[in-house]
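Got your viewer open? Load the model, switch to cartoon, and follow along.

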Amino acid sequence: MARTVYYTATSLDGFLADEGHSLEWLFRSDIDPDGAFAHEPFLAGVGALLMGSSTYRWVLGHLEATGEPWTYEEPTWVLTSKAASGATLRRPDGADVRFVDGDVVAVHAEAAQAAGDRDLWVVGGGGVAAEVAAADLLDEVMVSIAPVTLGAGAPLLPSRRRLELIETTRNRDFVCARYAVRGPEPEAAPAALPDL
Ligand SMILES: NC(=O)c1ccc[n+]([C@@H]2O[C@H](COP(=O)([O-])OP(=O)(O)OC[C@H]3O[C@@H](n4cnc5c(N)ncnc54)[C@H](OP(=O)(O)O)[C@@H]3O)[C@@H](O)[C@H]2O)c1
């Protein structure tokens with residue numbers, strides 16, 4: 001059974017990208033590409049990918065800017081409301097990219113089945129990961145925390161969830177942490193701040 005893993009890099013203050021969708025802050029940090037939580041070793045255990053349309057557009061823009069090809073051989077589901085009208089976004093030659101709309105439970109079931117014994121990678125963004133978590137379908141969160149704060153941007157996981165820390169390590173500039181997702185974190189009554 002595939003685990004569903006939200007694997008991403010984040011700023012220390014919990015943003016995936018800055019307000020202009022830039023990841024320059026991330027690429028300025030040093031990482032060992034063969035070390036803990038690095039992309040290639042993680043990808044070796046991945047059987048399918050799930051992402052939102054902004055993340056997909058960022059990936060395509062990055063590949064077009066750098067001249068790199070689409071490297072994912074695994075099937076990739078991209079959530080976009082445009083799929084409801086039968087529209088598709090641009091798809092790189094040879095890429096198995098499926099544009100889907102709406103019900104994340106059904107999309108997850110299809111993607112997890114395709115992943116087989118390997119993991120389903122929730123690439124992001126945070127809203128998509130939160131949708132999967134809200135449906136109680138997110139098993140793990142793996143984050144590499146860059147030594148930078150951004151103040152604003154695309155949030156890591158905009159959802160109240162209780163996690164259990166199951167692994168910590170370091171990869172050069174990054175603190176790496178793996179969590180099991182345990183369930184909703186109960187809403188708390190607002191703290192009464194006295195007028196002083
Ligand atoms: N630091 C990292 O490693 C990392 C990882 C991932 C992403 N990122 C970056 O973080 C940013 C993420 O941005 P984000 O969180 O705003 O966006 P996102 O999750 O990538 O995409 C959000 C979009 O996905 C579509 N969508 C989401 N759920 C849907 C559903 N259930 N049905 C249909 N469509 C759905 C909607 O777009 P439509 O308008 O198409 O309907 C929505 O506006 C991007 O800049 C990305 O590059 C960074």
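How much accessible surface does the chain have, and what share of that surface belongs to carbon and sulfur atoms? About 10,600 Å², with 51% belonging to carbon and sulfur. Keep in mind that this is a predicted model.

Stay zoomed out for a moment. The cartoon should show five helices and 10 strands. Along its principal axes, the C-alpha trace spans about 65 × 35 × 35 Å. A compact globule of 196 residues would have a radius of gyration near 16 Å, and the chain's 17 Å agrees with that. Color by burial and 43% of the 196 residues count as buried. Turn on contacts with a separation of 6 or more, and 73% of those come from residues 24 or more positions apart.

Now select residues 53-66, which is helix α3. At 1.5 Å a residue, its 14 residues should span 20 Å; the end C-alpha atoms are 20 Å apart, so the two agree.

Next, show side chains for S53, T55, Y56, V59, L60 and L63, which are buried. Look down the axis of α3: these buried residues fall within an arc of 160°, so they line one face of the helix. The spacing fits the geometry: an α-helix has 3.6 residues a turn, so residues three or four places apart point the same way.

What covers that buried side? Select β3 (46-52), β4 (76-79), β5 (97-100) and β6 (119-124), which are among the elements covering the buried residues of α3.

Flip to the face turned away from the buried side, and you'll find the exposed residues R57 and A65.

Last stop: G67, which follows α3 and has a positive phi, near 80°.

Methods
Residues are numbered from 1 along each chain as its sequence is written. This is a predicted model: local features need pLDDT of at least 70, side-chain atom pairs count only at pLDDT 80 or more; totals for chains, interfaces and linings use all residues. Side-chain values use heavy atoms; hydrogens and water are left out. Helices (H or I, at least four residues) and strands (E, at least two) are DSSP runs, numbered from the N terminus. The expected span of a helix is 1.5 Å times one less than its number of residues. Buried means under 20% relative accessible area, exposed over 50%, partly exposed in between (1.4 Å probe, protein chains only). The arc is that of the directions from the helix axis to the C-beta atoms. Contact means heavy atoms within 4.5 Å. The radius of gyration is taken over C-alpha atoms; the globule rule is 2.2 Å times the number of residues to the power 0.38. Accessible areas come from the Shrake-Rupley method with a 1.4 Å probe; for residues, only the protein chains shown count as cover.
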